[in-house]
Amino acid sequence: MGLSEFKKKLDQTKGLYRLDLSIAEEREFYLEHAGGEENLKSGFPLMYHAFEKSCRMNHEGITGKQPDAPGIVDSRFQIYDFMSEPVAADGPRPDRYVLKAAISGSFLDKRSALADCAPARPFQVWINGKIFDPDSSRLSFMTVNEHFDYVNQVDRQYLSDDVFLEEEFYNRILRVRFMLHVYDEDANLAPYVYTDECRYGSPVNRAIASIHFDDPAPKKHPDTKELRILYGRTSQNLEYPDYTYSTNNADAHGGKLWTIVPVKGRVTLNPIHNSDDYYFFEKLPDVYEGENWQRSTLQYNGKDWKVFRDDLKDQQLHDLMRQNGNFRVERDSGNIETLYFDLFNPDFEEDSDQRYDWVADIDKASTDQKERICYLIGGFGYNIGIKRKDGSIKVPGQEYQIVCRSVKPEDLPEGRTYYTYEQGSCTVYIPPLHLWWGCHAKETPIRLADGSVSPACGIKAGDRLTAYGNKELTVSHVYAGYEEKLVCIQTDAGHTLRVSAGHPLLKEDGTEPAACCLKAGDRVFAESGGPVTVVTVQYELYQDTVYNFSFEGEETGNYLIAGGLYSGDFIAQNRRKEKRMQPSQKQQQLSEELHRMAEQMA
């Protein structure tokens, strides 16, 4: 098979294709996208070295040797939607459009197993390619060439440079082809090609007026919209309880995480102006066809799970959703249809905090200093078409994917906010899910503001405690949970403190390390106001209840006096700033080459 035959093969292949650089045609195809072998060799030596190494490793794998292959990337890439949007030029011009593509994907580190919560290996991605209409040079319009530093998620939107007439979009097949060049921290290369296509231009593409996802916690954390899950903890006196996950012992959910996420809401269609026609939702088919929804994925510490009743097969889940009325359509007097969706677990009561059943077993999640954030991506598909006034079908339904995706605030696309809909987009963003834990042993002496001490298990809401910075704070919430083992810290001044592994203390240098990261010789702040020296740090079997606290009016972490040392409260425990992984010199040099290559290809 020659290079031209290989390109035809790619045009017929949808989705992600891993290039094998030991095959001449695939190697030639990669070099063509990199500007040629001489250009790569002379101008970008680190990238060329990675290319050679990947060729060699692929060849050794074929000949039966066991190469030290990268194997680091489990990539998923998807074009969520193509869309057009009006261009304002000297007033509204609804017949003038630019084309917009939204792409989103994840690159997951296979080496990062949940059991040991290994930190994700840093890697970089260079993406180049285009979105085009193969039948029209006029619509061969968009070139994508971008480099991402040390990423594990990509979420980008691209706009064409050209302005088009509305009719130019009708009944088009748009095609996308991207090359993904993925480098790990050892400059190993994993090249992929992503290809896809979609029909664009039917009036149905402007069918959706709005998508609404319920905010499950609108009054709890109004500024951050944060979704907190108390991992193995319960909370006293919370007016709006955070959602809990009982771990370390059997419970009604079989040891699985049943999170609250906004999977309830509605989709409303637009009216069709100057016409008696109207958009309509086709009902879910009686037989599961694989396109009614995408089983959501919960990503945690570089590993992901398919969630939403993962105890059921696809057909069983489909039947359950139909039988329990998870989707219903209403049409008003103006023939505007609204789809109501409620992906709930019928086993729970209506007002239960755990009625939404996005399920993932994360029993082995780390409770020390590692990542505490989960990301959810999921949704469902529905066909939308056009009916005449008499109810007959004028335009058959076309599939829409309604997507729910959690991202950090800094990763929200420009101009977007959580739980809000953007015209033309089928994606609604939600916050990440934060796992909260960490506590003191029950007998830990806690210093009260009046100078007395109380064991941690005796502290209650309303008590006044002394905190670092000469603060006197009022306890608002008491958190309790079970721990199998604790870290015991002893100092040269006679202090003994037993806390969960990830519990932070204040060091002399101003850092806030987890208890399990302290070592003999470290200097931590004590009640006296000065530093004391850590003598021993060791794990001890505990198998009992632990306690921690948060305070009225405090949204940032504080350090209370526990066992004579400054020990973090519940917020400090869970918002402690982690040390960022620093790129190596080789990674920095590779990053510079990737930036230069992107500039050259632009």
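1. Disulfides. A search of the whole structure, which is a predicted model, finds zero disulfides. Two cysteines deserve a look here. Cys-55 is buried, at a relative accessible area of 12%. Cys-488 also counts as buried, with 4% relative accessibility. A disulfide would need a pair of cysteine sulfur atoms within 2.5 Å, and the search returns zero such pairs.

2. Overall make-up. The protein chain holds seven helices and 35 strands. Of its 602 residues, 52% are buried. Contacts reach far along the sequence: among those between residues at least 6 apart, 68% join residues at least 24 apart.

3. The four-strand sheet. Four strands form an open sheet, in the order E10-E15-E20-E19. The pairing is antiparallel. E10 and strand E19 (327-331) stand at the edges. Each has a single partner strand, so one side of each lacks a neighbour in the sheet. Neighbouring strands here are turned by 15 degrees against each other on average, direction ignored. As background, strands of a sheet pair through backbone hydrogen bonds, either parallel or antiparallel.

4. Register around E20. Strand E15 (residues 264-269) and E20 run antiparallel and are joined by five bridges. Lys-264 has Asp-342 in E20 as its bridge partner. E19 and E20 also pair in the antiparallel sense, over five bridges. There, Val-329 is bridged to Leu-339 of E20. Both bridge pairs can be checked directly in the model.

5. The E19-E20 hairpin. Five residues lie between the strands of this hairpin. Asn-335 in the hairpin takes a positive phi, near 65 degrees.

6. An aromatic pair across the sheet's strands. The structure holds nine aromatic pairs. One of them is Phe-213 with Phe-341: the ring centres are 5.5 Å apart and the planes stand at 65 degrees, so the pair is edge-to-face. Phe-213 lies in strand E10 (residues 208-213) and Phe-341 in strand E20 (residues 337-342), so the pair ties together parts that are 128 residues apart in sequence. Both Phe-213 and Phe-341 are buried.

7. A pair of sequence neighbours. Tyr-418 and Tyr-419 have ring centres 6.5 Å apart and planes at 65 degrees, so this pair is edge-to-face. Tyr-418 and Tyr-419 are both buried. The pairing cut-off is a centre distance within 6.5 Å, and the value given for this pair is 6.5 Å. I would read the assignment with that in mind.

8. The aromatic cluster and helix H2. Phe-6, Tyr-17 and Phe-29 form one aromatic cluster. Phe-29 is also among the buried residues of helix H2 (residues 24-33). The others are Glu-25, Glu-26, Tyr-30, Leu-31 and His-33. So the buried list of H2 includes two glutamates and a histidine, because Glu-25, Glu-26 and His-33 each fall under 20% relative accessible area. In an α-helix, residues three or four places apart point the same way, at 3.6 residues a turn. After H2 comes Gly-35, with a positive phi near 85 degrees.

9. Lysines over rings. Two cases are worth viewing. Lys-387 lies over the face of Phe-280, 4.6 Å from the ring centre. Lys-485 lies over the face of Tyr-539, at 4.8 Å from the ring centre.

10. Positive phi outside glycine. Asn-470 has a positive phi of about 60 degrees although it is not a glycine. Asn-470 is found in the loop between strand E29 (464-467) and strand E30 (471-491). Asn-470 is exposed, with a relative accessible area of 83%. Gln-543 is likewise not a glycine, and its positive phi is about 55 degrees. Its setting is not a loop but strand E33 (residues 531-551). Gln-543 is partly exposed, at a relative accessible area of 42%. Both backbones merit a check.

11. Gly-391. This glycine sits in the loop between strand E22 (373-387) and strand E23 (393-406). At 31% relative accessibility, Gly-391 counts as partly exposed. Its C-alpha atom is 9.1 Å from that of Tyr-278, a residue 113 places away along the chain.

Technical notes
Residues numbered from 1 in each chain as written. Predicted model: local features only at pLDDT ≥ 70, side-chain atom pairs only at ≥ 80, totals over all residues. Heavy atoms only, no water. Phe/Tyr/Trp six-rings, centres within 6.5 Å; stacked < 30°, edge-to-face > 60°. Buried < 20%, exposed > 50% of the residue type's maximum accessible area, 1.4 Å probe, protein only. Lys NZ or Arg CZ within 6 Å of the ring centre and 35° of its normal. Pairing = 2+ DSSP bridges. Axes fitted to C-alpha atoms, helices over the stretch in contact; angles between N-to-C directions. Contact = heavy atoms within 4.5 Å.
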